[in-house]
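Student: I should like to learn how to read the surroundings of empty spaces and bound molecules in a structure. Could we work through an example together?

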Protein chains: 2
Amino acid sequence: MKKRLNKELVIRLIKYRRILNQLKSLGFERVFSNNLGDAIGVAPALVRKDFSLLFLGGNKRGGYNIDYLSEKLDAILGKAQNQKIIIMGMGKIGTALAQYKGFVQGGFEVAAGFDIDVSLPREVSIPVLPPEKMQDFVRENNIRVAVLTVPEDSAALCVKMLKEAGIQGILNFTPVEIKSTPTCFVHNINIAVEIENLFFQVIKNGAPPEDWETELPDEEGIWEEEEAENS
Amino acid sequence: MKKRLNKELVIRLIKYRRILNQLKSLGFERVFSNNLGDAIGVAPALVRKDFSLLFLGGNKRGGYNIDYLSEKLDAILGKAQNQKIIIMGMGKIGTALAQYKGFVQGGFEVAAGFDIDVSLPREVSIPVLPPEKMQDFVRENNIRVAVLTVPEDSAALCVKMLKEAGIQGILNFTPVEIKSTPTCFVHNINIAVEIENLFFQVIKNGAPPEDWETELPDEEGIWEEEEAENS
DNA sequence: ATTATATTGTGAAATACGGAACAACAAATG
DNA sequence: CATTTGTTGTTCCGTATTTCACAATATAAT
Ligand SMILES: NC(=O)c1ccc[n+]([C@@H]2O[C@H](COP(=O)([O-])OP(=O)(O)OC[C@H]3O[C@@H](n4cnc5c(N)ncnc54)[C@H](O)[C@@H]3O)[C@@H](O)[C@H]2O)c1
Ligand SMILES: NC(=O)c1ccc[n+]([C@@H]2O[C@H](COP(=O)([O-])OP(=O)(O)OC[C@H]3O[C@@H](n4cnc5c(N)ncnc54)[C@H](O)[C@@H]3O)[C@@H](O)[C@H]2O)c1
């Protein structure tokens, strides 16, 4: 049976798994939909719906079995076993990511970084190589996912290189909006835009949780003269 | 007239504005919906719908006037004029953000960083202060937005402190899922989860653009025994 | 054993959202 | 001036997703 797993659902599943692993290491055995909902910030009903959709059953009173759920989620999401990523652009952000120790918990690690300037001192435990070596490295180590942290100007070129090397997933921190293709899935994180968004939410008032009511000019009124000016 | 601006729409508006400013500095005067759509990765029809919703008019043949649009977007989004943010947790990521020069283009800058360890050498041009000084700093400088880059363990405490200081917007890089409240809007960025998502998209095949078909067990078959095991 | 209680599972309703299509119309062309 | 062309503005539509509400039911309590 085929099911469509949309992106938001996948993200939730990954978060469920993460929480379940934490609970497991704390010795818990069962969990309720409202616990999981609280932990990842969604309504309990949605948690149940998600599991129901995947045929993951719980107990009418005792909640869900953590081992069972986590096992099933691994089967659905693909158990992250020794997976490796590379970082293209070992500048400020790239280096910070390379030094981060929290990725192991997610079942993956950074295998190497690439930069046009290999000579800079960087306190990282991974090799930092010139971009020319990227393609061979990717093929020899079967790398499929890359993080892109080069300057904006180099983004397009680097994406081209990564795709040619066979990279199938890119996490892009560059302000350039990179589009996914059938062979390469791209997720863009634009930190500056996120902060501008915070300013908007805040400026417009006391920052609501989801959306907001904004005062807009009427069609008549200010708008009319503006339209004249615009034409 | 009140309009609901949903989150995705606001993000698009911010991106439009960003592109418009770039085009303006290149000397362009007019732009078409498909140009903007390409630039931010959405369909042209959606661009027109967005502008239509906001009563931003174009010319039936000559497209949209860039100056006009960018002016109106500033009015709607709030012109980011000398806005300031703080960074709580000047470790690897926090320091990288503090050193980033690209924020000025978005109309804001980092005013200060806070860390329990002020003695570490950090090559940043902003002051790095102990957390005790945060509340006064926020009030004196009228800071409303903060970035949270402390260790996971300290996240909840720091959120509490930030809220008490009057912070109304938080960009959270911590793996802890922080919930928005009526007085404080939070956006969570979980890099590890995003990378796990890339692995999922990639593992399941050649990485499709939006969603994916996943093989799931039937209700009968494997599932039955699993349900027994689960109960 | 019976009753009470808490929690799941799910169908239906509500919403939100984006896409396609096309009429309206301004500009260009001849 | 008439015609062609290209782009906007808007309506309609389908679909995806979330919430609501409550029946079903497993466990706990007495
Ligand atoms: N640092 C931040 O806080 C921050 C915030 C938001 C967005 N960004 C974006 O992230 C990207 C990286 O930012 P940063 O601050 O780390 O910049 P950075 O200048 O510190 O690092 C960029 C690195 O990429 C290397 N590089 C340049 N061209 C390259 C190429 N063709 N191939 C491989 N490596 C190349 C440079 O040598 C440098 O080490 C930028 O696009 C920036 O806009 C950064
Ligand atoms: N570095 C990464 O690439 C990365 C990636 C994903 C997520 N994160 C998350 O971002 C956060 C920061 O990561 P990092 O790598 O920069 O960690 P880090 O340890 O380098 O930095 C954390 C900083 O916070 C300071 N700190 C600790 N407790 C504090 C408190 N109560 N108040 C103020 N400051 C305090 C520490 O002194 C340290 O300087 C972590 O939660 C991490 O999980 C980081």
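Tutor: Let us begin with the lining of the largest pocket in this predicted model. The lining residues divide into 18 nonpolar, ten polar and 16 charged.

Student: How does one find such a space, and how much space lies in the largest pocket?

Tutor: The general idea is that rolling a probe the size of a water molecule over the atoms shows where empty space is left. In this structure, about 1800 Å³ of space lies in the largest pocket.

Student: Which residues lie nearest the centre of the largest pocket?

Tutor: Of the 44 lining residues, A:Lys7, A:Glu8, A:His187, B:Lys7 and B:Glu8 lie nearest the centre. In chain A, at least two lining residues each come from helix 1 (7–25), strand 9 (185–188) and helix 8 (191–203). In chain B, helix 1 (7–25), strand 9 (185–188) and helix 8 (191–203) each supply at least two as well.

Student: Let us turn to the nucleic acid. Which residues are the closest to DNA strand D?

Tutor: DNA strand D is surrounded by 21 residues, and the closest are A:Asn6, A:Arg61, B:Gly58, B:Lys60 and B:Arg61. Of the atoms of DNA strand D that come within 4 Å of the protein, 65% belong to sugar and phosphate.

Student: What do the side chains of A:Arg61 and B:Arg61 approach?

Tutor: An N or O atom in the side chain of A:Arg61 is 2.3 Å from a base oxygen of DNA strand D. For the side chain of B:Arg61, the distance from an N or O atom to a base oxygen is 2.5 Å. By contrast, B:Tyr64 places a polar side-chain atom 2.7 Å from a phosphate oxygen. Helix 3 (44–53) of chain A and helix 3 (44–53) of chain B give two or more residues to the surface near the strand. That surface comprises four nonpolar, eight polar and nine charged residues.

Student: Why is the site of ligand 1 described as shared between chains?

Tutor: The site is shared because residues from chains A and B surround ligand 1. Among the 22 surrounding residues, the closest are A:Lys92, A:Ile93, A:Asp115, A:Val150 and B:Tyr100. The shell divides into 14 nonpolar, five polar and three charged residues.

Student: Which atom of ligand 1 is 3.3 Å from the side chain of A:Ser154?

Tutor: A nitrogen atom of ligand 1 is at that distance from an N or O atom in the A:Ser154 side chain. An oxygen atom of the ligand lies 3.5 Å from a polar side-chain atom of A:Thr174. Taken alone, ligand 1 exposes 820 Å², of which the protein buries 87%.

Note on methods:
Residues are numbered from 1 along each chain as its sequence is written. Chains are lettered from A and ligands numbered from 1 in the order in which they are written. This is a predicted model: local features need pLDDT of at least 70, side-chain atom pairs count only at pLDDT 80 or more; totals for chains, interfaces and linings use all residues. Side-chain values use heavy atoms; hydrogens and water are left out. On a 1 Å grid over the protein atoms alone, a cavity is a set of points where a 1.4 Å probe fits but cannot get out, and a pocket is an open set with protein on both sides within 12 Å along at least five of seven lines; lining residues have an atom within 4 Å of a point. Grid points are joined across faces, edges and corners, and a volume is the space filled by probe spheres set on the points. Helices (H or I, at least four residues) and strands (E, at least two) are DSSP runs, numbered from the N terminus. Ala, Val, Leu, Ile, Met, Phe, Trp, Tyr, Cys and Pro count as nonpolar, Asp, Glu, Lys and Arg as charged, and the others, Gly among them, as polar. A residue is near a molecule or strand if one of its heavy atoms lies within 4 Å of it. A polar contact is a pair of N or O atoms within 3.5 Å; within protein, one must be able to donate a hydrogen and the other to accept it, and residues adjacent in sequence count only if both atoms are side-chain atoms. Accessible areas come from the Shrake-Rupley method with a 1.4 Å probe; for residues, only the protein chains shown count as cover.
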